[in-house]
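Q: I would like to learn how to read a helix, its packing and its charged pairs from a set of coordinates. Could you take me through an example?

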Amino acid sequence: YMPPSVRLAAISRAHVLSSWSHASIGLGEDGPTHQPVEHLAALRAIPDLCLIRPADANETAAAWRVAVDHDGPVALILTRQDLPVLEGTSEGELARGAYVLDDPEEGAPDVVLVGTGSEVSLCVEAAKVLDGEGIRSRIVSMPSWELFADQDDEYQRSVLPADVPKLSVEAGATFGWE
């Protein structure tokens, strides 16, 4: 029932912080949630709304700081899942919208795994499996498309190199990931 009021806040550029406690469809700690598969895509489609979906406790703390300082409405998409605190998330990069969480120890990556929210930890686990198969993976945490879009082209290319295949990992509709 919140989208109309969130949209009104965005139209007004009001500094409103909205918080959802279930990150996406099927991700409730105690079973599936009522949120539709297009929940994240629908919120991202609201002009002038900054959506942030943190991966762990470190990113959540950083997200609150960004939300308080942001000029305009912010939607925090949180989870009730018991998630690990990931190595590298406390470096303060959330404000840039996306950042390299981990890179191969040697050589350029063969693939970039881009995760948001609770799926970033899945990317970390998948990278371990891929590494065992000889596939070097870069892991990118992308808590906010909007904040990442505000970065200059050089930074964006440094995180998501043009010549490397990318795989987005997010529980929701794929709309917008292209």
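What follows is a conversation about a predicted model.

Q: Let's begin with helix α4. How many residues does α4 have, and what distance does it reach from its first C-alpha to its last?

A: A good habit is to set the end-to-end reach beside the expected span. Helix α4 covers residues 120-132, which is 13 residues, and reaches 19 Å from first to last C-alpha. That is close to the 18 Å expected at 1.5 Å a residue.

Q: Which residues of α4 are buried?

A: Here the cut-off matters: buried means under 20% relative accessible area. In α4 the buried residues are Val120, Ser121, Cys123, Val124 and Ala127. Looking down the axis of α4, you would find these buried residues within an arc of 155°, so they line one face of the helix.

Q: What do the buried residues of α4 pack against, and which exposed residues sit on the face turned away?

A: Take the two sides in turn. The buried residues pack against four strands: β4 (99-102), β5 (111-115), β6 (137-141) and β7 (166-169). The face turned away from the buried side carries Leu122, Val129 and Gly132, which are exposed. Notice also what comes just after α4: Gly134 takes a positive phi of about 80°.

Q: Now a strand residue, please. Is Ser18 buried or exposed, and what is it in contact with?

A: Start with location, then accessibility, then neighbours. Ser18 is found in strand β1, residues 17-20. Its relative accessible area is 9%, so Ser18 is buried. Setting aside neighbours within four places in sequence, its contacts are Met2, Val6, Val74, Ala75 and Leu76.

Q: On to the charged pairs. How many salt bridges does a search of the whole structure find?

A: The search finds 6. One of them joins Glu170 and Arg44, with the closest N and O atoms 2.8 Å apart. Glu170 lies in the segment after β7 and Arg44 in helix α2 (residues 39-44), so this pair ties together parts that are 126 residues apart in sequence. Each partner is worth checking for burial: Glu170 has 13% relative accessibility and counts as buried, and Arg44, at 12%, counts as buried too.

Q: Where in the chain are Glu119 and Arg53, and how far apart are their closest N and O atoms?

A: Glu119 and Arg53 form a salt bridge with closest N and O atoms 2.6 Å apart. This pair links distant parts of the chain, with Glu119 in the loop between β5 and α4 and Arg53 in the loop between β2 (50-52) and α3 (57-69), 66 residues apart. Glu119 is buried at 5% relative accessible area, and Arg53 is buried at 0%. It also pays to ask whether pairs connect: Arg44, Arg53, Glu119 and Glu170 are linked in a network of salt bridges.

Q: What about Arg138 and Asp103: which is buried and which is partly exposed?

A: Their side chains meet in a salt bridge, 2.8 Å from N to O. Arg138 is in strand β6 and Asp103 in the loop between β4 and β5, 35 residues apart. Arg138 is buried, with a relative accessible area of 10%, whereas Asp103 counts as partly exposed at 30%.

Q: Finally, which residues form a nonpolar patch on the surface?

A: For this, look at the outside. Leu17, Trp64 and Val68 form such a patch, with about 260 Å² of accessible area together. Leu17 has its place in strand β1 and counts as partly exposed, at 34% relative accessibility.

Technical notes
Residues are numbered from 1 along each chain as its sequence is written. This is a predicted model: local features need pLDDT of at least 70, side-chain atom pairs count only at pLDDT 80 or more; totals for chains, interfaces and linings use all residues. Side-chain values use heavy atoms; hydrogens and water are left out. Helices (H or I, at least four residues) and strands (E, at least two) are DSSP runs, numbered from the N terminus. The expected span of a helix is 1.5 Å times one less than its number of residues. Buried means under 20% relative accessible area, exposed over 50%, partly exposed in between (1.4 Å probe, protein chains only). The arc is that of the directions from the helix axis to the C-beta atoms. Contact means heavy atoms within 4.5 Å. A salt bridge is a side-chain nitrogen of Lys or Arg within 4 Å of a carboxyl oxygen of Asp or Glu. Patches are made of residues with over 30% relative accessible area and no salt bridge: like charges are joined within 9 Å, nonpolar side chains (Val, Leu, Ile, Met, Phe, Trp, Tyr) within 5 Å. Accessible areas come from the Shrake-Rupley method with a 1.4 Å probe; for residues, only the protein chains shown count as cover.
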